[in-house]
Structure formats: C-alpha cells, structure tokens
Amino acid sequence: MKIERKRWVIMRNNRTEIFCGLARHYQFKKVSEIGNTAIKTYLSENKALSSFDSSWWKPDFEVEAVEITEVYETCDSAT
C-alpha cells in the first residue's frame, strides 16, 4: 500500500537547509545531512509560516514555506 499527502516545510538559505526536530528541540540542518532526523511538517503554507517564529533565529536569512509530498509505503515481510 502507498500513501501520499501534501505537507509544507520551512527551509532557508536557498533551500539548502530544512527545519528539523521534535519536542521543541528544533534546528536547521543541511538537506544533505538530514539522515533519519525528523522533519517538522505542517498541513498548510499559512500554518507553516504562522507557527515559525523568526524571532527564535537571527534575522540574517530568509525563510520560506515549501510544499512537499510525503510518501509512505508498506513493506511486505519475506518469511
């Protein structure tokens, strides 16, 4: 089974870094270094932008909401 859904993420620095983390331990990570890090996602662009408080971060960069597609697939166990 395959499930796809649209979500929004916060990115900065020309889409080279993405907002990651859980339980208020958030940070920007380079896309190439995400690995298994949880990515903070939002249901809409407005929710992404309104929930991200730019005062947490230095104002020397631009932040944008980017639409993504999450894909979940079930794995059949070979027994």
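**Close-up views of a predicted model**

**View 1. The side chain of E17 makes a polar contact with the side chain of R12, at 2.6 Å.** The model shown in this and the following views is predicted. E17 is found in strand β2, and R12 lies in strand β1. The two residues are also joined through the backbone pairing of their strands, for E17 in β2 is the bridge partner of R12. E17 is buried, with a relative accessible area of 12%. R12 is likewise buried, its relative accessible area being 16%. Both assignments follow from the cut-off, because buried means under 20% relative accessible area. Leaving aside residues up to four places away in sequence, E17 touches I10, M11, R12, F28, K29, K30 and V31.

**View 2. Strands β1 and β2 form a hairpin with four residues between them.** Strand β2 covers residues 17–20 and runs antiparallel to β1, to which two bridges join it. In the turn, N13 has a positive phi of about 55°. R15 lies in the loop between β1 and β2. R15 has a positive phi as well, of about 65°, although it is not a glycine. As background to these two values, most residues other than glycine have a negative phi. R15 is partly exposed, with a relative accessible area of 46%.

**View 3. Strands β1 and β4 pair in the antiparallel sense over 11 bridges.** Strand β1 spans residues 2–12 and strand β4 spans residues 63–73. One of the bridges links K2 to its partner in β4, E73. In general, strands of a sheet pair through backbone hydrogen bonds, either parallel or antiparallel. This view also includes Y72, which lies in β4 and is examined in the next legend.

**View 4. The side chain of Y72 makes a polar contact with the side chain of R5, at 3.5 Å.** Y72 lies in strand β4. At 41% relative accessibility, Y72 counts as partly exposed. Its neighbours, not counting residues up to four places away in sequence, are M1, K2, I3 and R5, each of which Y72 touches. Which residue lies 68 residues from Y72 in sequence and 6.4 Å from it in space, C-alpha to C-alpha? That residue is E4. For the chain as a whole, 59% of the contacts between residues at least 6 apart in sequence join residues at least 24 apart.

**View 5. The open sheet has four strands in the order β3-β2-β1-β4, with antiparallel pairing.** Strands β3 (27–30) and β4 stand at the edges; each has a single partner strand, so one side of each is left without a neighbour in the sheet. Neighbouring strands of this sheet are turned by 45° against each other on average, direction ignored. The two pairings shown in the earlier views can be placed within this order: β1 is joined to β2 by two bridges and to β4 by 11 bridges. In a regular strand, as a general rule, the side chains alternate between the two faces of the sheet.

**View 6. Ring pairs link F19, Y26 and F28 into a cluster.** How many aromatic pairs does a search of the whole structure find? The search finds two. The rings of F19 and F28 have their centres 5.1 Å apart and their planes at 45°, so the pair is tilted. The label depends on the angle, because planes under 30 degrees apart count as stacked and those over 60 as edge-to-face. Is F19 buried or exposed? F19 counts as buried, at 1% relative accessibility. F28 also counts as buried, at 11% relative accessibility. F28 is in addition among the residues that E17 touches, which connects this view with the first.

**View 7. The whole chain has one helix and four strands.** Read along the sequence, these elements follow the pattern β-β-β-α-β. The chain has 79 residues, of which 25% count as buried; among the buried residues are E17 and F19, shown in the closer views. The chain exposes about 6200 Å², and carbon and sulfur atoms supply 48% of this area.

Definitions and conventions: Residues numbered from 1 in each chain as written. Predicted model: local features only at pLDDT ≥ 70, side-chain atom pairs only at ≥ 80, totals over all residues. Heavy atoms only, no water. Pairing = 2+ DSSP bridges. Axes fitted to C-alpha atoms, helices over the stretch in contact; angles between N-to-C directions. Phe/Tyr/Trp six-rings, centres within 6.5 Å; stacked < 30°, edge-to-face > 60°. Buried < 20%, exposed > 50% of the residue type's maximum accessible area, 1.4 Å probe, protein only. Polar contact = N/O pair within 3.5 Å; in protein donor to acceptor, adjacent residues only side chain to side chain. Contact = heavy atoms within 4.5 Å. Areas by Shrake-Rupley, 256 points an atom, 1.4 Å probe, with all protein chains shown as cover.
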